[in-house]
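Let's take a walk through this one together. Have a look at the model, and then we'll go from the charged pairs to the metal site and the core.

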Amino acid sequence: MKRNFFLSLGVALLLVSSISFSFQKDERVEIYDLRHFTHPTFTRIVVDIGTLREYSPHELPSPDRIFVDIYQAKLNPILHNKTYLVKNDYINQIRIAQRSPNTVRVVVDLDFSKVKRFQVWPAFDPFRIVIDIYPSESILETPTEKPPQPAKPTKEGYSMARQLGLGIQRIVIDPGHGGKDPGTIGKSGTMEKIIVLDICQRLKKLFDANQDLEVIMTRESDIYVPVENRTVIANQKQADLFISVHANSNPVKKRSGVETFYLNFSQDPSVIETAALENATSTKNLSEMRSILEKIAKNSKVMESKELANDIQKNLVLTLQKKYKDVKNLGYKGGPFWVLIGVETPSVLVEVSYLSNAKEETRLKSDQYRQYIAQGIYSGIKEYMNSLGKGI
Ligand SMILES: [Zn+2]
């Protein structure tokens with residue numbers, strides 16, 4: 001009897017320990033880094049998480065602060081109760097702490113009277129949460145800056161940039177993907193990252209003839225650049241235009257053609273599909289974007305971006321059809337692309353053709369087709385710039 005009792009106790013203990021073992025299995029993801037960058041027009045905070053987690057942003061007054069709770073997460077010990085001092089007029093500091101056993105909280109102490117807006121958005125592969133904070137215009141004013149000088153004609157008359165006055169001086173060209181992220185891959189192995197880099201290099205060459213324009217690439221070789229860094233490059237360099245170049249893919253192999261996107265929400269399933277592909281995320285995550293887009297719609301350059309998308313799409317199709325008559329014009333449209341969020345300037349994403357379509361993959365492999373694409377995008381940007389210069 002006694003023996004049986006101990007035996008049962010032993011079994012029970014075994015059971016308890018195995019149950020508690022399964023409970024102890026840690027489902028929390030470890031947060032291993034927080035980075036922040038202060039740029040002339042905004043501050044970006046990136047929390048490196050690695051695996052998709054739910055989060056919720058909040059704001060509270062007196063003292064003014066924004067905080068983001070990240071669930072099912074724990075802090076790497078080196079980040080425990082860490083404080084980052086930020087050297088600008090509108091943010092005091094950033095704090096990160098383990099709020100509860102399953103929740104990590106990031107707090108930004110700031111001054112709401114000096115902040116225009118903020119947005120919190122996810123970036124993927126690996127998963128990160130990005131917090132962008134934009135100061136009010138009065139903070140951005142720099143009284144030491146020289147007043148703008150009126151444009152003077154050269155011997156040949158007004159150059160393009162001079163005609164534009166306050167117009168375009170710096171263009172950022174963004175070849176999609178790169179490094180460990182190949183983008184979409186065609187049936188015969190053609191990688192999007194290689195194709196779009198070549199197109200962007202050709203496009204840059206076309207602009208190089210114009211001395212008044214500076215063209216900056218987000219990558220010049222086959223390297224990985226996280227999506228949030230691409231916008232940082234555009235804003236840091238105070239670019240006037242941002243052009244992201246991609247090749248498309250679709251499970252429907254016969255789908256083909258050229259389309260150009262500006263940042264907006266879309267109900268069109270084919271647009272959502274393309275956005276999910278380019279964002280390296282599921283279509284479900286895109287629903288989060290609606291609230292972000294609603295907030296920024298009033299402030300962003302939607303109208304200019306739409307105009308730029310129209311000009312690029314029109315010229316790209318016209319140029320290609322000179323040689324390749326059957327190229328389909330899929331139009332210009334709004335789409336929820338993370339890479340366009342936070343770009344403080346007219347910005348578009350061009351899908352130059354479908355790598356999933358056998359005919360277009362063959363074309364994309366030829367130098368001539370890629371040169372036509374570069375030429376078409378170039379003509380589109382030029383048309384947009386000329387339209388800005390009208391009447392000056
Ligand atoms: Zn792409």
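How many salt bridges does a search of the whole structure find? The count is 21, and keep in mind that this is a predicted model. Here are three of the pairs.

| Salt bridge | N to O distance | Accessibility of the partners |
|---|---|---|
| Asp69 and Arg105 | 2.7 Å | both buried |
| Asp222 and Lys193 | 3.0 Å | Asp222 38%, Lys193 9% |
| Glu259 and Arg255 | 3.8 Å | Glu259 1%, Arg255 23% |

Start with the top row: Asp69 and Arg105 form a salt bridge. Asp69 sits in strand S5 (residues 65-71) and Arg105 in strand S9 (residues 103-110), so the bridge ties together parts that are 36 residues apart in sequence. Both of these residues are buried.

The next row is a salt bridge between Asp222 and Lys193. Asp222 belongs to the loop between strand S13 (214-217) and helix H5 (227-236), while Lys193 is in helix H4, so this pair ties together parts 29 residues apart in sequence. Asp222 is partly exposed, whereas Lys193 is buried. The Glu259 and Arg255 pair is mixed in a similar way: Glu259 is buried and Arg255 is partly exposed. Elsewhere, Arg35, Asp48, Arg128 and Glu228 are linked in a network of salt bridges.

Now for the metal. Which protein residues serve as donors of the zinc ion? They are His177 (NE2), Glu192 (OE), His246 (ND1) and Glu278, with Glu278 (OE) listed twice, and the donors lie 1.9 to 2.5 Å from the ion. Along the chain, their spacing reads H-x14-E-x53-H-x31-E. Glu192 in helix H4 and His246 in strand S14 (residues 241-248) are 54 residues apart, so to speak of the site is to speak of distant parts of the chain being linked. Glu192 and His246 are both buried.

Glu278 takes us to helix H6 (residues 269-279), where it is one of the buried residues. Is H6 largely enclosed or open? Eight of its 11 residues are buried, so the rest of the structure largely encloses it. The cover over those buried residues includes H4, S14, strand S15 (258-263), strand S16 (329-335) and strand S17 (347-354). At the start of H6, a side-chain oxygen of Asp268 comes within 2.9 Å of the backbone nitrogen of Ser270. Just after the helix, Ala280 has a positive phi of about 50 degrees.

Strand S15 holds Val258, which is buried at 0% relative accessibility. Among the residues Val258 touches are Leu316, Leu320, Leu330 and Val352. Its C-alpha atom is 9.9 Å from that of Ile373, 115 residues away along the chain.

On the surface, Ile185, Met191 and Ile194 make a nonpolar patch with about 250 Å² of accessible area together. Met191 is in the loop between strand S12 (170-175) and helix H4 (192-208), and it is partly exposed at 31%.

Finally, the overall picture. The protein chain has 10 helices and 17 strands, and 50% of its 392 residues are buried. Of the contacts between residues at least 6 apart in sequence, 73% join residues at least 24 apart. The accessible surface comes to about 19700 Å², with 55% of that belonging to carbon and sulfur atoms.

Technical notes. Residues numbered from 1 in each chain as written. Predicted model: local features only at pLDDT ≥ 70, side-chain atom pairs only at ≥ 80, totals over all residues. Heavy atoms only, no water. Patch = residues over 30% accessible without salt bridge, like charges linked within 9 Å, V, L, I, M, F, W, Y side chains within 5 Å. Areas by Shrake-Rupley, 256 points an atom, 1.4 Å probe, with all protein chains shown as cover. Salt bridge = Lys/Arg side-chain N within 4 Å of Asp/Glu carboxyl O. Helix = DSSP H or I, 4+ residues; strand = E, 2+ residues; numbered from the N terminus. Buried < 20%, exposed > 50% of the residue type's maximum accessible area, 1.4 Å probe, protein only. Donors = N, O, S within 2.8 Å, 3.2 Å for Na, K, Ca; no water. Contact = heavy atoms within 4.5 Å. Polar contact = N/O pair within 3.5 Å; in protein donor to acceptor, adjacent residues only side chain to side chain. Lists of a residue's contacts leave out its neighbours within four places in sequence.
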